Amino acid sequence: GSGRLPAAGPGAGTAAGVQSARRGLGLVTNAVTGSALRLAPPLNVTDGEIDEAVALIAQAIAQAGRAS
């Protein structure tokens with residue numbers, strides 16, 4: 001079956017900054033390259049938890065953009 005290890009590409013060279021901002025917001029990710037973050041939600045993740053994670057990701061990308 002299909003796995004649940006998607007990656008997000010916030011932009012070249014920004015993955016570490018976004019990962020750091022996400023961690024500060026309570027969302028753990030893994031910067032697998034300079035431009036990709038691995039997300040590993042549990043198999044029983046709810047739609048509400050996904051919505052919350054998406055909001056935190058957007059906030060982290062905005063914070064990382066201001067920091068650079």
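Trainee: What joins β2 to β3, and through how many residues?

Mentor: In this predicted model, β2 is joined to β3 by a hairpin, which passes through 2 residues.

Trainee: What makes strand β2 and strand β3 count as a pair?

Mentor: Pairing requires at least two bridges between the strands, and 3 bridges join strand β2 (residues 30-33) to strand β3 (residues 36-38); the requirement is therefore met, and the two strands run antiparallel. As for a particular bridge, A31 has L37 as its partner in β3.

Trainee: Staying in strand β3, where R38 is found, why is R38 called partly exposed?

Mentor: The relative accessible area of R38 is 35%. Buried means under 20% and exposed means over 50%, so R38, at 35%, falls in between and is called partly exposed. In space, the C-alpha of R38 is 9.4 Å from that of V28, although the two are 10 residues apart in sequence.

Trainee: Where is the place of A40, and why does A40 count as exposed?

Mentor: A40 sits in the loop between β3 and α2. Its relative accessibility is 56%, and because the cut-off for exposed is over 50%, A40 counts as exposed. Its C-alpha is 7.3 Å from that of T29, at a sequence distance of 11 residues.

Trainee: Which helix does G24 lie in, and why does G24 count as exposed?

Mentor: G24 belongs to helix α1 (residues 15-24), and with a relative accessibility of 68% it passes the limit of 50%, so the label exposed applies. Between G24 and A60 there are 8.6 Å from C-alpha to C-alpha, with 36 residues separating them in sequence.

Trainee: What share of the residues of the protein count as buried?

Mentor: Of the 68 residues, 24% count as buried, that is, they have under 20% relative accessible area.

Trainee: How do these elements follow one another along the sequence?

Mentor: The protein has 2 helices and 3 strands, and read along the sequence they follow the pattern β-α-β-β-α. Among contacts with a separation of 6 or more, 55% are between residues 24 or more positions apart.

Trainee: Which residues lie nearest the centre of the largest pocket, and how do the residues of its lining divide?

Mentor: About 390 Å³ of space lies in that pocket. Its lining has 17 residues, of which L27, P41, V45, E49 and A53 lie nearest the centre, and the lining divides into 13 nonpolar, 2 polar and 2 charged residues.

Trainee: How do you know which elements have the lowest and the highest mean pLDDT?

Mentor: Among the elements, strand β1 (residues 7-8) has the lowest mean pLDDT, 61, and helix α2 (residues 47-67) has the highest, 82. The average over the protein is 73, with 65% of the residues scoring at least 70. Because pLDDT is the predictor's confidence in each residue, these values concern the prediction itself.

How values were computed:
Residues numbered from 1 in each chain as written. Predicted model: local features only at pLDDT ≥ 70, side-chain atom pairs only at ≥ 80, totals over all residues. Heavy atoms only, no water. pLDDT = per-residue confidence, 0-100. Helix = DSSP H or I, 4+ residues; strand = E, 2+ residues; numbered from the N terminus. 1 Å grid on protein atoms, 1.4 Å probe; cavity = no way out; pocket = protein on both sides within 12 Å on 5 of 7 lines; lining within 4 Å. Points joined across faces, edges and corners; volume = space filled by probe spheres on them. Nonpolar A, V, L, I, M, F, W, Y, C, P; charged D, E, K, R; others polar. Buried < 20%, exposed > 50% of the residue type's maximum accessible area, 1.4 Å probe, protein only. Contact = heavy atoms within 4.5 Å.
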